[in-house]
Amino acid sequence: MKIRAIETFTTQFVCFVRVTAEDGAQGWGQVAPYFADITAEVLHRQVAPYALGQNAFDIAHLMDIIPDREHKFPGAYLRRAMGGLDTALFDLRGRLEEKPVCELLGGTPGRVRAYGSSMKRDITPRDEAERLKRLQDRHGFTAFKFRIGAECGRDRDEWPGRTEDIVPTMRAAFGDDTALLVDANSCYAPKKAIEMGRFLQDNGISHYEEPCPYWHYDQTKQVSDALDIDVTGGEQDCSLVDWKRMIDGRIVDVIQPDICYLGGMVRTLQVAKMAEDAGLPCTPHAANMSMVTLFTMHLLRAIPNAGKYLEFSIEGADYYPWQEGLFASSPYTIDDGHATVTDAPGWGVEVNPEWLAKSTYKISTQDTHA
């Protein structure tokens, strides 16, 4: 079955992709959020020409040849655009076969333990602890992640003393049966990262994400070698060559690919398999309520080295106004600390027609690329 058309529905922040096969069957996917309008143009210019007229079921082949055809552009935008095609084709196949994507991948529907993921640094430690405690009481979360340091902060905190305050404040607010994770977002040089890591260990933190500038693997390696805490990372990495280097070099203890940043499900499965062979767990990055969290839920129900939990953003319209109204009905609920992958075909979600009507539309067909 050949691909007849690729459509995008876009705002600056979100781009949904619809693929139509020659028999009229359709599937929905999404490129990575943020500057999604730029990624949409890359999809039409540098991905669609190689996909139109090709076998809609041979997703792996398309994800293999497109980087070769566009070898002068090995960076993030091309991979994000590829992810839009990949995820739409998985939905297409799932709908045709009346199976959820997780089942196409060899898994089963069911529950996934979630951790509540805070994105905020402009919040006092006391207020952060109180709002996470309310969420635990309401939804049963057994794990939370909060932010330390400043994003790419060069050893600086968001404000002086915040990290030294929030870590013990959070530990005191929650019992030992609640796992606590932190994200440093590339804040520290190795010396400071190791010092901070020991402080985290002393306070019962179990997950130390992206302690050093993520592109300096040698720096992160120094930190992971020096500490007992799980050092984690990988959300920004979109090169399979870099992923092999990261995994073979044991740069981190837990890998965190982002399905949308990496280029879709096929490529993420390749990275997860590399990690499985190396004995490393995979806890993907999924930091908002667009489709990326849904993709991640299906992946975690299918891979043998799935990490302990799903990242589940706790931020709403006050933080991410663009994620409101994306779907006809929300695919995301947390019950007793778990999200659920249903047995609905494909991704099991419908994009909101009202949102689509307000978006910027573009279509690529074989005629437009002849």
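## A guided tour of helix H9 and its salt bridges

Begin by selecting Lys-244, which is partly exposed, with a relative accessible area of 46%. The model on the screen is a predicted one.

**The partner of Lys-244.** Add Asp-248 to the selection. The two side chains meet in a salt bridge, with N and O 2.5 Å apart. Asp-248 is itself exposed, its relative accessible area being 52%. Both residues belong to helix H9, and because they stand four residues apart, about one helical turn separates them.

**A second pair in the helix.** Next, select Asp-242 and Arg-245. Here too the side chains form a salt bridge, at 3.3 Å from N to O. These residues are three apart in helix H9, which means that about one helical turn lies between them. Asp-242 counts as partly exposed, at 26% relative accessibility.

**The two faces of H9.** Now display the whole helix, residues 240-248. Which of its residues are buried? They are Trp-243, Met-246 and Ile-247. Turn the view to look down the axis of H9: the buried residues fall within an arc of 90 degrees, so they line one face of the helix. On the face turned away from this buried side, select Val-241 and Asp-248, which are exposed.

**What surrounds the buried face.** Which elements do the buried residues of H9 pack against? Colour the following elements to see these partners:

- helix H8 (217-226) and strand S8 (230-233);
- strand S9 (254-255);
- helix H10 (259-262) and helix H11 (265-278).

**The ends of H9.** Select Ser-239, which caps the N-terminal end of the helix. One of its side-chain oxygens lies 3.2 Å from the backbone nitrogen of Val-241. Then move past the other end to Arg-250, which follows H9 and has a positive phi, near 50 degrees.

**Salt bridges elsewhere.** Side chains of opposite charge can pair when their charged atoms come close. The model holds 21 salt bridges in its count. To visit another of them, select Arg-111 and Asp-336, whose closest N and O atoms are 3.9 Å apart. This pair links distant parts of the chain: Arg-111 is in strand S4 (residues 110-117), while Asp-336 is in the loop between strand S10 (310-313) and strand S11 (338-341), 225 residues apart. Arg-111 is partly exposed, with a relative accessible area of 42%.

**Last stop.** Finally, select Lys-145, Arg-147, Asp-183, Glu-209 and Glu-311 together. Salt bridges link these residues in a network.

How values were computed:
Residues are numbered from 1 along each chain as its sequence is written. This is a predicted model: local features need pLDDT of at least 70, side-chain atom pairs count only at pLDDT 80 or more; totals for chains, interfaces and linings use all residues. Side-chain values use heavy atoms; hydrogens and water are left out. Buried means under 20% relative accessible area, exposed over 50%, partly exposed in between (1.4 Å probe, protein chains only). Helices (H or I, at least four residues) and strands (E, at least two) are DSSP runs, numbered from the N terminus. The arc is that of the directions from the helix axis to the C-beta atoms. Contact means heavy atoms within 4.5 Å. A polar contact is a pair of N or O atoms within 3.5 Å; within protein, one must be able to donate a hydrogen and the other to accept it, and residues adjacent in sequence count only if both atoms are side-chain atoms. A salt bridge is a side-chain nitrogen of Lys or Arg within 4 Å of a carboxyl oxygen of Asp or Glu.
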